[in-house]
Amino acid sequence: MQQFIDAAPGIRLWTEQRGARDAAPLLLIMGARASGVAWPEPLVDALAAHHRVIRYDHRDTGRSTWPFEERPYRIPDLADDAIAVLDHLGIDRAHVVGMSLGGMLAQLLLADHPDRLLSATLISTSALSSTPYTRPDGSTVPVAELPGIAPEVLELWARPAREHGPAAEVERQIEHWRVLAGDRLPFDTGFFRALEQRVIEHTGHHRTSTAHGRANHDGMLRTDRLARNAVPALVICAPADPVFPPPHPQHLAQCVRGASLVEIPGMGHALPPAVLEPLATAILRHTGAVTG
């Protein structure tokens with residue numbers, strides 16, 4: 001079921017629900033510049049076999065309001081949008097699964113709204129914490145010295161987006177996914193072409209916004225609150241992630257009190273077919289262990 005909700009004055013968000021209405025709710029939060037339909041259908045269906053799955057379009061993506069050029073917002077406002085989705089749908093508490101920027105928003109929910117979460121799964125993201133990383137040998141690494149984004153990703157992000165029409169935009173996004181997916185699994189061009197074509201069809205145009213990259217990121221650290229976390233949390237380690245490579249997931253698992261860590265072999269900063277079954281299994285095992 002699809003519907004629009006009013007998250008804030010002048011902000012309407014597209015939402016979709018799938019699965020049994022009386023099943024435990026599970027909210028999917030996508031990454032920067034990505035609409036809700038970027039969650040692959042097989043993954044959504046696998047989760048919806050056990051949960052009432054909700055996905056939605058962030059501001060400036062998909063069918064939601066694109067307000068940034070006239071009314072800039074802060075990244076934490078996107079976390080408020082997630083709470084607004086739950087409020088509008090009458091959901092008191094939900095399992096939350098966030099990827100990349102969505103994983104950071106899920107951390108904001110862990111820190112600021114723990115009473116609204118049944119559990120959290122954090123995928124391909126970094127810790128909103130200033131706590132140093134402790135290596136297995138006991139030595140520590142300051143957060144600023146953890147590995148940065150791979151040069152090939154930065155180079156791709158630095159290229160200006162030229163207007164060449166929908167077909168060219170699909171090919172540009174395929175190249176983007178090829179780099180983000182890493183080099184440990186075969187790249188499925190057809191899968192990502194179909195994904196991008198679905199995003200364009202859903203959105204109604206092929207333009208993408210840079211709003212999330214330009215939005216104010218200040219005030220996002222939640223070091224102390226994450227260290228006191230009491231919500232069951234799972235960190236997904238993507239060993240081939242060129243954006244937040246190891247030990248970022250290990251660091252995140254250290255920063256979020258009580259978090260467990262599961263590695264998906266070969267996974268990068270993308271959701272290709274090869275990772276969907278093990279990812280769904282890890283998420284469902286985590287949510288299934290939670291009572292409440």
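**Figure 1. Strands β1 and β2 pair in the antiparallel sense.** In this predicted model, the pairing of β1 with β2 runs over six bridges. To find your bearings, start at Q3: its bridge partner in β2 is T15. The two strands form a hairpin, with two residues between them. Look in that turn for G10, which has a positive phi of about 80°.

**Figure 2. Eight strands make up an open sheet.** Stepping across the sheet, you meet the strands in the order β1-β2-β4-β3-β5-β6-β9-β10, and the pairing is mixed. The edges are β1, residues 2-8, and β10, residues 260-263, each of which pairs on one side only. From one strand to the next, the twist averages 25°. If you follow the side chains along a strand, keep in mind that in a regular strand they alternate between the two faces of the sheet.

**Figure 3. At the β10 edge, β9 and β10 pair in the parallel sense.** Strand β9 covers residues 233-237, and its pairing with β10 has four bridges. A handy landmark here is I236, which stands opposite V262 in β10.

**Figure 4. Helices α2 and α3 lie across strands of the sheet.** Helix α2, residues 75-88, lies across five strands: β1, β2 (11-18), β3 (25-29), β4 (52-56) and β5 (94-99). The helix α2 runs at about 125° to β1. Helix α3, residues 101-112, lies across β3, β5 and β6 (117-123). Relative to β6, the direction of α3 is about 150°.

**Figure 5. Helices α1 and α10 meet through nonpolar residues.** The axes of α1 and α10 (residues 273-288) come within 10 Å and cross at roughly 30°. Since angles under 35 degrees count as roughly parallel, that makes α1 roughly parallel to α10. The crossing of this pair is right-handed. On the α1 side, the contact is made by P42, L43, A46 and L47, while α10 brings L276, L279, A280, I283 and L284. Sorted by class, the contact has nine nonpolar residues, with no polar and no charged ones.

**Figure 6. Helix α4 packs against α5.** Here α4, residues 151-158, and α5 pack at an angle of about 160°, and their axes are 10 Å apart. Angles over 145 degrees count as roughly antiparallel, and α4 and α5 are therefore roughly antiparallel to each other. The crossing of α4 past α5 is left-handed. Look for E152, V153, L156 and W157 of α4, which make the contact with E175, H176, V179 and L180 of α5. By class, this contact of α4 with α5 has five nonpolar residues, one polar residue and two charged residues.

**Figure 7. Helices α5 and α6 cross at roughly 130°.** This view moves to α5 (residues 166-180) and α6 (residues 189-203), whose axes come within 9 Å. The two helices are therefore oblique to each other. Their crossing is right-handed. From α5, the contact residues are P166, V170, E171, Q173, I174, W177 and R178; from α6, they are T189, F192, R193, L195, E196, Q197 and I200. The contact of α5 with α6 draws on every class, with seven nonpolar, three polar and four charged residues.

**Figure 8. Two loops hold backbone details worth a closer look.** One is the peptide bond from P246 to P247, which is cis, with omega near 15°. P247 lies in the loop between β9 and α9 (248-255). The other is R33, which has a positive phi of about 65° although it is not a glycine. You will find R33 in the loop between β3 and α1 (41-48).

**Figure 9. The whole chain puts the close-ups in context, with ten helices and ten strands.** Along its principal axes, the C-alpha trace spans about 50 × 45 × 35 Å. The radius of gyration of the chain is 18 Å, which agrees with the value near 19 Å that a compact globule of 292 residues would have.

Terms used. Residues numbered from 1 in each chain as written. Predicted model: local features only at pLDDT ≥ 70, side-chain atom pairs only at ≥ 80, totals over all residues. Heavy atoms only, no water. Axes fitted to C-alpha atoms, helices over the stretch in contact; angles between N-to-C directions. Parallel < 35°, antiparallel > 145°, perpendicular 65-115°, else oblique. Left-handed = near helix turned anticlockwise from the far one by under 90°. Contact = heavy atoms within 4.5 Å. Nonpolar A, V, L, I, M, F, W, Y, C, P; charged D, E, K, R; others polar. Pairing = 2+ DSSP bridges. Rg over C-alpha atoms; globule rule 2.2 N^0.38 Å.
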